[in-house]
Amino acid sequence: MTIESTTPPVDPVDRWAGKQTAPLSRRALLRGTGILAGSVGAGALLAACAQAGVTSWTFPVASATNPDAAAVPSDPTMSMAPAAGASPSAMAGMATSPAPVGGARDPSPADFASPPRYHPASSTPIAFDLTSNDGPGETILISASPATAYRSMNFGRQVPAPTLRITEGETVHFTLTNQGQMPHSIDFHAAQTAWSTNYQEIAPGGSFSFAWTANYPGVFMYHCGAAPVLMHMADGMYGAIIVDPKVARPAAREYLLVQSEFYGSGGEYAKMLNNPPDFVVFNGQANRYKATPLIATAGELVRIYLVNAGPNSSSAFHVIGALFSHVEADGNPANRTGMRQTIDIPPGDGAMVELTFAEPGTYPFVTHRFCDASKGALGMFKVS
Ligand SMILES: [Cu+2]
């Protein structure tokens with residue numbers, strides 16, 4: 001159900017037949033929206049280069065005149081390799097505080113891993129408003145050590161985007177306001193609505209609203225679907241939706257982890273196409289919860305909502321030293337199964353796992369695809 005629009009969506013046929021078959025750089029996108037021509041200094045920021053027929057762009061190293069940009073290490077994976085194999089005792093206290101890098105900010109709030117709380121289903125629509133953002137002010141710190149900045153595109157000026165938690169049967173009244181310099185869109189995996197009606201691109205400065213109802217419980221991804229989708233997703237335009245079942249789950253200590261990949265320093269479409277990523281992260285920053293472990297108590301029920309935003313790699317989620325007592329594929333109680341050790345979450349999917357730590361100690365969590373864990377998809381539970 002479309003409610004209102006201040007700018008008409010881009011024609012869906014143009015969008016896929018045209019833009020999708022010819023990879024677009026940010027430069028091309030900005031030119032298309034008329035931003036480059038009227039933007040002083042934009043040309044200096046966007047240093048385009050052609051590579052194997054695919055255009056990508058990077059931004060220059062930090063300087064006094066361009067504090068938004070930041071240097072990117074030549075091989076950011078090298079200094080992260082020991083994490084997965086180190087002993088728990090050796091890993092405790094290895095935290096490094098994120099240092100400012102050319103104005104880069106933390107990707108998402110410090111408490112992002114603690115999802116919004118369950119609420120009983122209401123007949124009153126849930127308002128969920130997002131802004132879409134891109135451009136020079138959206139540089140985030142995707143790794144604290146080595147300090148690495150990334151020029152993001154995002155919803156709500158954070159990566160991952162704000163979490164939507166609702167209850168099965170509730171209706172969401174959604175508005176996207178595009179504050180960026182290029183078209184953006186929305187795609188709620190929890191919704192059942194026509195792509196051609198509600199998931200179309202919104203021009204810069206425009207806004208668009210529609211309502212949808214969560215008919216199924218689960219853990220879902222949402223993301224921008226503007227072309228090229230790969231770039232908008234790899235640059236940070238994704239978030240999580242938790243749809244609780246009508247009958248509330250038992251009380252537990254709850255966490256949310258969103259796995260995703262980063263390629264280069266932002267907007268590097270050729271790298272996104274070719275793999276592999278430079279960083280694979282939980283909740284927007286490599287090794288974030290090695291620096292600040294998630295806490296739990298031995299014997300209590302711990303529930304983790306998981307989303308793999310990808311855009312390219314599967315997650316093999318595993319907690320070292322623990323077993324999942326129950327798993328729900330897609331986070332749906334209809335898919336509930338018993339004990340599992342490692343669960344596969346393809347890009348664009350979600351899951352829910354429950355576990356109980358047997359005794360106090362430190363328990364790493366990883367994707368058991370260890371090339372990705374070694375690139376930052378590693379965190380710790382500190383269990384008292
Ligand atoms: Cu977008």
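A: Start with a definition: two strands pair if DSSP finds at least two bridges between them. Strands are DSSP runs too (E, at least two residues), as are helices (H or I, at least four), and both are numbered from the N terminus. This is a predicted model, in which local features need pLDDT of at least 70 and side-chain atom pairs count only at pLDDT 80 or more, while totals for chains, interfaces and linings use all residues. Residue numbers start from 1 along each chain as its sequence is written.

Q: In β9, which residue is the bridge partner of D129?
A: T175 in β9 is the partner of D129. The strands involved are β4 (residues 126-133) and β9, joined by seven bridges and running parallel. β4 also pairs with β7 (residues 154-155), over two bridges in the antiparallel sense. There, S132 has F155 as its bridge partner.

Q: How do I read the surroundings of one residue, such as H173, and with which residues is it in contact?
A: Use contacts: two residues are in contact if their C-beta atoms, placed from the backbone, lie within 7 Å. H173 lies in β9 (residues 171-178). Leaving aside neighbours within four places in sequence, H173 is in contact with P125, I126, A127, S209 and A211. The C-alpha atoms of H173 and F128 are separated by 6.1 Å, though the two residues are 45 apart along the chain.

Q: Is H173 buried, exposed or partly exposed?
A: Count C-beta atoms within 10 Å of the residue's own: 20 or more others mean buried, 12 or fewer exposed, and anything in between partly exposed. H173 has 16, so it is partly exposed.

Q: Which residues touch the most other members of the largest nonpolar core?
A: A nonpolar core is a set of buried Ala, Val, Leu, Ile, Met, Phe, Trp, Tyr and Cys residues joined through C-beta atoms within 7 Å. The largest one here has 86 residues, and V219, A240, I241 and L306 touch the most other members. Strand β17 (residues 301-310) gives the largest share, six residues. Outside four places in sequence, V219 touches ten residues' worth of neighbours listed as A240, I242, Y305, L306, V307, D330, G331, G350, A351 and M352.

Q: Which strands stand at the edges of the five-strand sheet, and why is one side of each left without a neighbour?
A: Read the strand order first: β16-β24-β23-β18-β21, an open sheet with mixed pairing. β16 (294-296) and β21 (342-345) are at the edges; each has a single partner strand, so one side lacks a neighbour in the sheet. Neighbouring strands here are turned by 25 degrees against each other on average, direction ignored. Inside this sheet, β23 (residues 361-367) and β24 (residues 378-383) pair antiparallel over six bridges. G361 is matched with V383 in β24.

Q: What is the strand order in the six-strand sheet?
A: The order is β15-β14-β17-β22-β19-β20, again open and mixed. β15 (279-282) and β20 (336-337) are the edge strands, each pairing on one side only. β19 (residues 324-329) and β22 (residues 349-356) pair antiparallel over five bridges. One of the partnerships is A329 with A351.

Q: Where is the cis peptide bond at P276?
A: The cis bond joins N275 and P276, with omega about -10 degrees. P276 sits in the loop between α8 (269-274) and β15.

Q: Is N283 buried or exposed?
A: N283 is buried, because 21 other C-beta atoms lie within 10 Å. N283 also has a positive phi of about 55 degrees, although it is not a glycine.

Conventions
Axes fitted to C-alpha atoms, helices over the stretch in contact; angles between N-to-C directions.
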